[in-house]
Amino acid sequence: MKGNANTAVKTFISSTISLNKSVINSIDPVVLTLNFKADETINLESSRLAVYPIGKQVPSLSAPIPEWSHISFNKGDVRQKKVTILPSKIGLRPGYYVVKIEYLFDNTAAQTSADLLIQYPPGTIKIGKINVNKTVQKEGYTLTLKSITMYKDKVIVDTHFSPSSVGNLLPNMKLDDGTDLKWLPGANSTKLQMNNQQFTFSPIPKSAKKVTFSIPVINVKKTNGTFGIPGPWSITMNIPK
């Protein structure tokens, strides 16, 4: 399966990243094919390959591309480079990433990107159900975490939040090592009663000892509008072995 590839700034350069696989296990390599074409004569000051955890501004991996840095290209010049990445060897943990080529030329920044999902190796995912039934209250609002059901490809969290004046909740789930599980909005197909909400996250590894579910902020609907109330409403629980 080919990875997604987006075109950078077409006015000066055209650039794509192709992945031989866009979903891999952390012990498997991924081959990146980097393509560059000069649409105009251009002086490239620097180019680098960067891998960002999704939603983050600081890359987990950053490597310069020397042959595409401090060099001039004529209009129509084409270059290609292949790079093999082994996540477990360079410290890329399982999760969702954006792989980018970042260019700097004539005080202008440009980039192209592709998505990459690094999964836990087979047999390392926690499977089962935890009946939590814990409650936390703040500012007159109550979060009850009812259960967490763990599958090999996802985690489903069942909650109850009251009163019913609260709008859509934006959840967060974090492991004890600081890893953020990815929230997968729109993945739920079950229709729930009012105040009961179900959230789907990326899977939990067997190595995790604790997990924290939280609602950082809530939006409350009132007659004169919708207002944000900061939290968090957080519940931490141990994960059975």
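Two strands pair if DSSP finds at least two bridges between them, and the strand pairings described in these legends, which belong to a predicted model, are to be read in that sense.

**View 1. Strand β5 and its pairings with β9 and β6.** Strand β5, which covers residues 46–53, runs antiparallel to β9 and is joined to it by eight bridges. Within this pairing, Tyr52 has Val98 of β9 as its bridge partner. Strand β5 is also joined to strand β6 (residues 61–64), again in the antiparallel sense, in this case by four bridges, and here Leu49 has Ala63 of β6 as its bridge partner. The ring of Tyr52 additionally has a charge placed over it, since the charged end of Lys100 sits there at 4.8 Å from the ring centre.

**View 2. The aromatic pair of Phe36 and Tyr103.** A pair of aromatic rings is described by the distance of the centres and the angle of the planes. Eight aromatic pairs are counted in the model. For Phe36 and Tyr103 the ring centres lie 5.8 Å apart and the planes stand at 45 degrees, so this pair is tilted. The two residues come from distant parts of the chain, Phe36 from strand β3 (residues 30–38) and Tyr103 from strand β9 (residues 95–105), with their positions 67 residues apart in the numbering. Both Phe36 and Tyr103 are buried, and together with Trp68 and Phe73 they form one aromatic cluster.

**View 3. The aromatic pair of Phe161 and Trp233.** The ring centres of Phe161 and Trp233 are 5.8 Å apart, and because their planes stand at 70 degrees, where over 60 counts as edge-to-face, the pair belongs to that class. This pair, too, links distant parts of the chain, with Phe161 in strand β13 (residues 155–162) and Trp233 in strand β17 (residues 225–238), 72 residues apart. Phe161 has a relative accessible area of 4% and is therefore buried, and Trp233, at 0% relative accessibility, likewise counts as buried.

**View 4. The open sheet that contains β13.** Four strands form an open sheet in the order β11-β12-β13-β15, and their pairing is antiparallel. The edges of the sheet are β11 (128–138) and β15 (196–201), each of which pairs on one side only. On average, and with direction ignored, neighbouring strands of the sheet are turned by 20 degrees against each other. Inside the sheet, strand β12 (residues 141–150) pairs with β13 over eight bridges, in the antiparallel sense, and Thr149 has Ile156 of β13 as its bridge partner. A charge placed over a ring also occurs at Lys154, whose charged end sits over the ring of Tyr151 at 5.7 Å from its centre.

**View 5. Ser15 and its polar neighbour.** Ser15 lies in strand β1, which covers residues 13–19, and with a relative accessible area of 1% this serine is buried. A polar atom of the Ser15 side chain lies 3.0 Å from the backbone oxygen of Asn35.

**View 6. The chain that frames the close-ups.** The secondary structure of the protein chain comprises one helix and 17 strands. Its radius of gyration is 22 Å, well over the 18 Å given by the globule rule for 241 residues, so the chain is more spread out than a compact globule. The C-alpha trace spans about 65 × 50 × 30 Å along its principal axes, and 42% of the 241 residues count as buried.

Conventions: Residues numbered from 1 in each chain as written. Predicted model: local features only at pLDDT ≥ 70, side-chain atom pairs only at ≥ 80, totals over all residues. Heavy atoms only, no water. Phe/Tyr/Trp six-rings, centres within 6.5 Å; stacked < 30°, edge-to-face > 60°. Buried < 20%, exposed > 50% of the residue type's maximum accessible area, 1.4 Å probe, protein only. Lys NZ or Arg CZ within 6 Å of the ring centre and 35° of its normal. Axes fitted to C-alpha atoms, helices over the stretch in contact; angles between N-to-C directions. Polar contact = N/O pair within 3.5 Å; in protein donor to acceptor, adjacent residues only side chain to side chain. Rg over C-alpha atoms; globule rule 2.2 N^0.38 Å.
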